[in-house]
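I sat down with this model today and kept a few notes as I went. Here is what I looked up, entry by entry.

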Amino acid sequence: MLIFAAALFIHWSVRRRPGIRHWRRALAMATDYGATTVLIGVGGAVMTPIFVVLLWITLGYGLRYGRTYLLIGAGLSLTSVFCLALFSAYWRDLPYILITIALMVMMVPAYAYTLMSALRQAHDEALQAGLAKSRFMAQASHDLRQPIHAISLFTSCLKGSRLSDDQAEMVDSIDRALNGISGLFRSLLNVSTLDSGGIVPQQQIVALGPLLQDVAAQHGEAAQRARVTLRVVESGLFVRTDRAILFAIIGNLVSNAVKYAPGRKALIGCRRRGSQVTILICDSGPGIALEEQAKVFDEFYRSPRHRRTREGIGLGLSIVVRMAQLLGLQVNLRSTPGRGTVIEVSGLELSQEEATLAAPVASPVTALAGMRILLIEDHDEVRAATRRILEGWGCIVEDDTSARAEARDCDLILADQDLEDGAGSECIERIRATLGRPIPAIIMSGHDAARLTEELADTSLPILSKPVHPARLRAALMAQKFAAPVA
């Protein structure tokens with residue numbers, strides 16, 4: 001009766017307070033081994049098969065809770081056999097059977113312990129190898145992104161010069177190829193950062209309307225090339241989430257909509273459902289076959305219809321799902337072949353608070369004319385390309401290669417974070433302190449923006465991940481120039 005009461009108490013406790021409770025596990029083990037010992041001792045020969053249950057309990061606790069519990073279980077099994085030999089007249093008359101059972105309850109768990117130790121070692125080695133691979137991929141991606149970034153900027157400069165039709169067509173082809181490579185590097189970097197646990201969400205109040213407009217602006221040029229009509233439904237909703245991660249999620253989905261619905265329409269909007277908000281990305285493209293819909297979020301999956309005609313390696317949507325899980329969001333897909341696809345990002349927490357927003361300003365490129373920019377970049381090609389494109393927009397540029405750059409009066413500091421002799425963010429803080437005012441600044445880096453945000457003392461610094469498309473750089477400069485002045 002006491003054992004039955006203990007079992008009921010354990011069941012009630014698990015339902016009321018789930019989670020790891022070592023005292024509860026100890027009570028459960030005492031109940032299991034106690035009940036088994038009593039059954040074998042009272043039942044005699046009839047209960048001989050129950051010895052198998054004794055071994056099953058031992059292995060079960062070990063496999064479920066780890067090697068320590070396996071050893072404890074083996075010790076309790078031996079204690080059970082010892083109690084039978086001490087208190088049961090029937091089993092005391094069968095010493096050889098008890099010795100055999102005692103050896104069995106020692107040797108089987110010991111062998112299982114050896115296998116579990118080998119498995120744990122193999123798991124740890126595989127984990128370390130995976131982390132080393134992720135670190136290598138992140139560093140290799142960072143180093144390769146620098147020349148890609150420089151080529152992208154030089155290509156943009158070429159597009160603005162006087163070219164023949166054939167030359168302009170070749171430059172456009174180079175630009176499209178660079179965009180494909182940039183997307184691949186972003187995918188690799190995102191995977192390596194997610195694998196290493198380097199992305200930690202930073203909750204803040206986010207205005208969905210401006211965020212969706214920013215996503216559309218980022219993909220506007222790609223949509224124009226693909227003849228996709230990209231439209232955003234205005235929204236005045238605010239949510240509590242990580243803006244950078246949500247921006248990456250929606251941007252990836254919009255990129256897919258543009259890529260796979262050429263010549264069609266795409267729509268970005270959001271819908272309120274009680275205290276939660278859902279973001280929808282809709283397109284009127286060819287849709288996805290029913291048998292493929294369950295596979296599109298798998299890593300490296302690419303539709304057989306697009307393997308020859310679309311760039312990429314099938315990482316985009318799997319990254320979207322992993323990033324959404326970081327924010328506690330769900331990603332669902334509905335698609336009708338021939339009619340289009342709808343992807344929902346749901347679970348966003350509605351906020352009644354409002355984010356502090358700068359007034360949006362739609363200004364032409366010439367609005368940057370006369371803007372004094374201090375460019376700090378130690379990569380020669382990147383520095384030359386960035387300077388050239390900034391000057392093409394009418395900016396007055398002074399450049400430097402060192403984190404110890406001399407403080408100069410300017411309207412904005414554009415600094416690479418990964419300088420040979422220090423960090424760009426530290427250089428910005430030093431220049432601000434020297435000049436005695438919070439000069440607007442932008443950080444550029446080949447590393448993940450979400451991870452960098454955690455490392456920066458000033459988390460409000462805008463971060464552009466290389467390679468940076470000129471349109472994104474121009475938009476960032478405009479946002480800083482026309483932001484509300486700091487008192």
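**Notebook: cores, a loop residue and a helix**

Entry one, the core. I looked for the largest nonpolar core in this predicted model. This core has 41 residues, and those with the most contacts inside it are Leu246, Ile249, Ile250, Leu253, Ile268, Ile279 and Ile281. I then checked where its residues come from: α8 (208–218), α10 (243–260), β4 (265–273), β5 (276–283), α12 (316–326), β6 (330–336) and β7 (340–350) each supply at least two. I noted that α10 gives the most, with nine residues.

Entry two, Ile268. Leaving aside residues up to four places away in sequence, I listed what Ile268 touches; among them are Leu212, Val215 and Ala216, along with Val232, Val233, Ile250 and Leu280. Arg231 is also one of the residues it touches.

Entry three, another core. I found a second, separate core of 23 residues, including Ile373, Cys395, Leu412 and Leu414.

Entry four, Gln352. Is Gln352 buried or exposed? Its relative accessible area is 68%, and over 50% counts as exposed, so Gln352 is exposed. I placed Gln352 in the loop between β7 and β8 (372–376). I also checked Gln352 against Val239: they are 113 residues apart in sequence, yet 8.0 Å apart in space, C-alpha to C-alpha.

Entry five, helix α3. I saw that α3 (residues 50–65) has 16 residues and reaches 23 Å from its first C-alpha to its last, close to the 22 Å expected. Its buried residues are Ile50, Phe51, Leu54, Leu55, Ile57, Thr58, Tyr61 and Gly62. Right after α3 I met Gly66, whose phi is positive, near 115 degrees.

Methods. Residues are numbered from 1 along each chain as its sequence is written. This is a predicted model: local features need pLDDT of at least 70, side-chain atom pairs count only at pLDDT 80 or more; totals for chains, interfaces and linings use all residues. Side-chain values use heavy atoms; hydrogens and water are left out. A nonpolar core is a set of buried Ala, Val, Leu, Ile, Met, Phe, Trp, Tyr and Cys residues joined through side-chain atoms within 4.5 Å. Buried means under 20% relative accessible area, exposed over 50%, partly exposed in between (1.4 Å probe, protein chains only). Helices (H or I, at least four residues) and strands (E, at least two) are DSSP runs, numbered from the N terminus. Contact means heavy atoms within 4.5 Å. The expected span of a helix is 1.5 Å times one less than its number of residues.
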